[in-house]
Amino acid sequence: MVATHNAVRSTGLGPRTRRVVRFVARFVNPMVKLMAGRRWMPVVGILHHRGRRTGRAYATPLGMRPLGNTFVMPRTFGEHASWYRNVLAAGGCVVTYRGTDYTLVEPEVIDFDSAGAGLSAL
């Protein structure tokens, strides 16, 4: 698994903005999950991970692209995103992308130039 580094110009969101994003995600994510990870959906996959404190299973729709034998997942909300922290703590995750499940281990943060090859203009 690969996630992009801070060189991607990550934004620092304040607590109020983070609350709004979480609120909106409660309604948007279930709709996006209906399409994400499907064979015909090359832009959004589903990241399956466990909560680092609760052990609860999560399925997070996330923009991702394959890069070699791994995936690039931009950290849109920076290093404080729960999915990112959970995957780091667990040392891996499962990704559903284009109808296939992939087990990813040893997450690595890379810079934008290294990840750029796997990211499209979208």
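Select the hairpin of strand 6 and strand 7 in this predicted model. Two strands meet here with 2 residues between them, and Arg98 takes a positive phi near 50 degrees. Display the backbone of both strands next: strand 6 and strand 7 pair in the antiparallel sense over 6 bridges. To find one such position, select Val94, which stands opposite Thr103 in strand 7.

Widen the selection to the whole sheet. What is the order of its strands? The sheet is open, has 4 strands and follows the order 3-2-6-7, with antiparallel pairing. Its edges are strand 3 (57-63) and strand 7 (100-105), each of which pairs on one side only. From one strand to the next, the twist averages 25 degrees. As background, strands of a sheet pair through backbone hydrogen bonds, either parallel or antiparallel.

Move now to strand 2 (residues 44-50), which pairs with strand 3 in the antiparallel sense over 7 bridges. Select Arg50, which lies in strand 2. Opposite Arg50 stands Ala57 in strand 3. Which residues does Arg50 touch, once its neighbours within four places in sequence are left aside? The contacts are Gly55, Arg56, Ala57, Tyr58 and Asn86. Add Gly92 to the selection and draw a line between the C-alpha atoms: Arg50 and Gly92 are 42 residues apart in sequence and 9.7 Å apart in space.

Next, show the helices over the sheet. Helix 2 (residues 82-90) lies across strand 2, strand 3 and strand 6 (92-97), and runs at about 55 degrees to strand 2. Helix 1 lies across strand 2 and strand 3, running at about 80 degrees to strand 3.

Remain with helix 1 (residues 15-33) and select Phe23 and Phe27. Both residues lie in this helix, 4 residues apart, about one turn of the helix. A pair of aromatic rings is described by the distance of the centres and the angle of the planes. How many aromatic pairs are there? The count comes to 4 aromatic pairs. Phe23 and Phe27 form one that is edge-to-face, at 5.2 Å centre to centre and with 70 degrees between the planes.

Finally, switch to a surface view and extend the selection to Val20, which also belongs to helix 1. Which residues make the nonpolar surface patch of about 580 Å²? The patch is made by Val20, Phe23, Val24, Phe27, Val28 and Met31. The tour thus ends with Phe23 and Phe27 once more, here as part of the nonpolar patch.

Terms used
Residues are numbered from 1 along each chain as its sequence is written. This is a predicted model: local features need pLDDT of at least 70, side-chain atom pairs count only at pLDDT 80 or more; totals for chains, interfaces and linings use all residues. Side-chain values use heavy atoms; hydrogens and water are left out. Patches are made of residues with over 30% relative accessible area and no salt bridge: like charges are joined within 9 Å, nonpolar side chains (Val, Leu, Ile, Met, Phe, Trp, Tyr) within 5 Å. Accessible areas come from the Shrake-Rupley method with a 1.4 Å probe; for residues, only the protein chains shown count as cover. A salt bridge is a side-chain nitrogen of Lys or Arg within 4 Å of a carboxyl oxygen of Asp or Glu. Two strands pair if DSSP finds at least two bridges between them. Axes are lines fitted to C-alpha atoms, for helices over the stretch in contact, and angles run from 0 to 180 degrees between N-to-C directions. Contact means heavy atoms within 4.5 Å. Rings of Phe, Tyr and Trp (its six-membered ring) pair if their centres lie within 6.5 Å; planes under 30 degrees apart count as stacked, over 60 as edge-to-face and the rest as tilted.
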